[in-house]
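Student: Could we go through this one by asking how each label is earned? I'd like to see the cut-offs next to the values.

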Amino acid sequence: MPRPVARVLALLELLQSGGIRTVTELADRLDVDERTVRRYVGHLVDLDVPVESVRGRYGGYRLAPGYRMPPLMLSDDEALAVLLGLVAGRRAGLATDTASETAAAKIRRVLPERLSRRLDAVLGSLAFTDRPGEAVAPESTVLLAIADAVNHHRPISIRYTAADGRRSERTLHPHGVVAHSGRWYVTAADLTAGEDRTFRLDRITGVRTLPGSFEPPAGLDPAERVLTGLATAPYRHEVTLRIQGTAEQIHTRLPAGIAIVEELPSPSSADPQTVRWSRVGLRVERLDWLPAVLASLDRPFIVERPDELRGLVEALAERLTNSARRSPPHE
């Protein structure tokens with residue numbers, strides 16, 4: 001690569017690192033005089049790279065927002081971080097497969113062979129302990145429109161498809177966007193239904209910003225609302241337990257998106273560190289997985305309801321007892 005071209009690209013990389021760079025600093029970094037720096041800046045401007053001149057005592061050059069993305073210069077560490085982020089985002093359902101794959105392909109296509117081999121070694125040896133997410137990432141136009149409405153407190157109209165296939169058009173005051181377990185949600189006041197609701201973004205097919213604005217509720221925590229909504233969604237079984245332990249201890253096995261934990265006051269004569277109990281509520285479609293989870297907590301618990309769960313706990317205890325008493329077969 002001719003040396004002036006290499007220096008122009010080096011200038012672009014310096015500007016992409018952020019902030020205002022003085023002419024003197026750039027001249028020192030590029031090993032040229034200040035007049036040459038100005039000429040290199042002119043080359044970038046001719047290529048439609050939005051370089052902005054800042055006047056004043058601390059003035060210099062910086063990149064300004066443009067109508068298109070300029071050529072992107074990445075170091076080895078930055079290229080690895082971007083590719084790993086694309087892989088992780090695709091597995092977690094935070095980006096569409098198509099967008100992640102095309103973005104990764106564009107980066108890999110321009111990598112030097114030396115760096116490409118190193119990245120292939122990392123990605124080829126990488127293993128995940130969790131299963132890939134099954135959720136479909138939302139359309140970028142939907143996500144961007146809703147996020148903008150949240151930030152500017154604008155009402156929106158959405159087209160929504162419910163889990164049972166029913167379609168509707170709703171007017172919302174969106175409060176927050178939440179990513180949880182590979183899915184994206186928006187918490188909002190649903191003006192159509194007259195109540196606060198949570199909607200999955202991948203089920204929204206269209207967003208239209210409406211005139212006006214609204215004042216969001218004070219002290220609202222969108223993430224907590226999503227977790228509470230998931231934990232209280234209607235399922236086949238309603239379970240109530242009392243477990244000896246704090247909310248933090250119980251949530252190690254029963255996450256907030258599954259169980260609602262209410263710490264109960266300790267008797268005045270008792271040591272709160274040893275006899276703290278909590279009431280735990282769950283709504284689940286099946287009960288067969290709960291006994292093993294409760295056993296893994298290794299804490300005293302009481303089943304308040306349903307009676308069916310008591311029978312399953314007793315059956316697990318009997319199977320464990322029989323296994324503990326079983327002798328190894330004779331060889």
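Tutor: Sure, starting with burial: buried means under 20% relative accessible area, exposed means over 50%, and partly exposed is in between (1.4 Å probe, protein chains only). Keep in mind that this is a predicted model, where local features need pLDDT of at least 70 and side-chain atom pairs count only at pLDDT 80 or more, while totals for chains, interfaces and linings use all residues. Residues are numbered from 1 along each chain as its sequence is written, and side-chain values use heavy atoms, with hydrogens and water left out.

Student: Why is Ser-278 called buried?

Tutor: Its relative accessible area is 0%; that is under 20%, so the label buried fits. Ser-278 sits in strand S10, residues 277-284 (strands are DSSP runs of E, at least two residues; helices are runs of H or I, at least four; both are numbered from the N terminus).

Student: What does the side chain of Ser-278 reach?

Tutor: The backbone oxygen of Gly-245, at 2.7 Å. Ser-278 is also in contact (heavy atoms within 4.5 Å) with residues beyond four places in sequence, including Leu-241, Ile-243, Ala-247, Val-261 and Leu-264.

Student: What makes Arg-208 and Glu-169 a salt bridge?

Tutor: The term asks for a side-chain nitrogen of Lys or Arg within 4 Å of a carboxyl oxygen of Asp or Glu. In this pair the closest N and O atoms are 3.7 Å apart, so the pair passes. Arg-208 lies in strand S7 (residues 204-209) and Glu-169 in strand S4 (residues 167-180), so the bridge ties together parts 39 residues apart in sequence.

Student: Are those two residues buried or exposed?

Tutor: In between: Arg-208 has 47% and Glu-169 has 48%, so both count as partly exposed.

Student: How do you know that Arg-283 and Glu-238 link parts far along the sequence?

Tutor: Their side chains meet in a salt bridge at 4.0 Å, N to O. Arg-283 belongs to strand S10 and Glu-238 to strand S8 (residues 237-244), so the parts tied together are 45 residues apart in sequence. Arg-283 is partly exposed at 32%, and Glu-238 is partly exposed at 36%.

Student: Where do Asp-307 and Arg-310 lie?

Tutor: Both are in helix H12 (residues 307-325), 3 residues apart, about one turn of the helix. Their side chains meet in a salt bridge at 2.1 Å, N to O. Asp-307 is exposed at 58%, whereas Arg-310 is partly exposed at 33%. How about the total? A search of the whole structure finds 14 salt bridges.

Student: How do you know that the length of helix H6 agrees with what it should be?

Tutor: The expected span is 1.5 Å times one less than the number of residues. For the 13 residues of H6 (residues 113-125) that gives 18 Å, and the end C-alpha atoms are 18 Å apart, so the two agree.

Student: Which residues of H6 are buried?

Tutor: Leu-115, Ser-116 and Leu-119. They cover an arc of only 100° around the axis, which puts them on the same side of H6 (the arc is that of the directions from the helix axis to the C-beta atoms). The face turned away from that buried side carries the exposed residues Glu-113, Arg-117, Gly-124 and Ser-125.

Student: What makes S3 and S4 a pair?

Tutor: Two strands pair if DSSP finds at least two bridges between them. Strand S3 (residues 156-161) has 6 bridges to S4, running antiparallel, so the pair qualifies. Tyr-160 stands opposite Ser-168 in S4.

How values were computed:
A polar contact is a pair of N or O atoms within 3.5 Å; within protein, one must be able to donate a hydrogen and the other to accept it, and residues adjacent in sequence count only if both atoms are side-chain atoms.
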